[in-house]
Amino acid sequence: MKQIIACEIFRPFFDKIKQQLPYTYTITYVTIASHNHPSLLHDKLQSLCDEAYDADEIILLYGICGNAIEGLCARTCDMYVPRVHDCFALLCDDNCAEDLQVKNACWRCLSNMDGNDQNKEYASYIESYGKEMADYVMHMLYHEQTLLYVTFHTQKDNENIANLKETHKVEVIEGTLDKLKNILLPKDGQGLLHVRKGNKICCLYDMVEVMKEKSI
């Protein structure tokens, strides 16, 4: 059995391909807001890995994500990790992912809207001042910031894009599930770091290898 540990950002996308998985698995999602506290996220991920007693391997659906995976140890079984800097890189093609990483761009997708701090900020302004003034305040604060939205052309995607355009410049980019499928379906090793039991993750932060396996 495989243990999949994933950022909750992947929930709607995993649901689209889970019927294709040719093995038994359990999946545990970790809240998107956990990214706000990388050290706590690291501890949470390590705890989940250590609790995977019945798994023959762990698939960790995370990137470096603010250094949260640095030093994670594969104590109970082998672990596989995508060689990416951030989660968004698993939802778009390689050229787009590298471009966004270089720009350090802010991005959104179907599943990282509701818990977004700016959305909470916008909602608080609406409650305090009304929508017209809230739109003005958000425009003044963020009108120079461009958000990248990864779309899969669902109705919710279209609604999210329209809402974001009220307060931000928005660049829409095409999403793809190809990388997730390559990771979750039988693996050929491409784009994945294999961390053998007893070893740990060491982040390199470059644009090619990204991370490597290191002995504990």
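A residue counts as buried when its relative accessible area is under 20%. Gln-46 comes in at 8%, so it is buried. Keep in mind that this is a predicted model. Here's a quick tour, starting from an open sheet of five strands, moving through its strand β1, and ending at helix α2, which lies across part of that sheet.

**The sheet as a whole**

- Reading across the sheet, the strands come in the order β2-β1-β3-β4-β8, and their pairing is mixed.
- The edges belong to β2 (25-30) and β8 (192-195). Each of these has a single partner strand, so one side of each is left without a neighbour in the sheet.
- Ignoring direction, neighbouring strands here are turned by 20° against each other on average.

**Strand β1 and its neighbours**

- β1 is mostly covered, with six of its six residues buried.
- That goes for both faces: Lys-2, Ile-4 and Ala-6 are buried on one side, while Gln-3, Ile-5 and Cys-7 are buried on the other.
- With β2, β1 pairs in the parallel sense over six bridges. Within this pair, Gln-3 sits opposite Thr-26 of β2.
- To get from β1 to β2, the chain passes through helix α1 (residues 11-17), making a β-α-β crossover that is right-handed.
- With β3, β1 also pairs in the parallel sense, this time over five bridges. Here Ile-4 is found opposite Ile-59 in β3.

**From β3 on to β4**

- β3 (residues 57-61) and β4 (residues 78-82) run parallel, and three bridges join them.
- Ile-59 turns up again here, standing opposite Tyr-80 in β4. So that you can follow the row by eye: Ile-59 faces Ile-4 of β1 and also Tyr-80 of β4.

**Helix α2 and Gln-46**

- Helix α2 covers residues 38-50, and Gln-46 is part of it.
- The helix lies across β1 (2-7), β2, β3 and β4, and runs at about 165° to β2.
- Which residues does Gln-46 touch, leaving aside those up to four places away in sequence? They are Gly-71, Leu-72, Cys-73 and Arg-75.
- Is Gln-46 buried or exposed? Its relative accessible area is 8%, which is under the 20% cut-off, so Gln-46 is buried.

Notes
Residues are numbered from 1 along each chain as its sequence is written. This is a predicted model: local features need pLDDT of at least 70, side-chain atom pairs count only at pLDDT 80 or more; totals for chains, interfaces and linings use all residues. Side-chain values use heavy atoms; hydrogens and water are left out. Helices (H or I, at least four residues) and strands (E, at least two) are DSSP runs, numbered from the N terminus. Buried means under 20% relative accessible area, exposed over 50%, partly exposed in between (1.4 Å probe, protein chains only). Contact means heavy atoms within 4.5 Å. Two strands pair if DSSP finds at least two bridges between them. Axes are lines fitted to C-alpha atoms, for helices over the stretch in contact, and angles run from 0 to 180 degrees between N-to-C directions. A crossover is right-handed if, with the strands pointing away from the viewer, the path from the first strand over the helix to the second runs clockwise.
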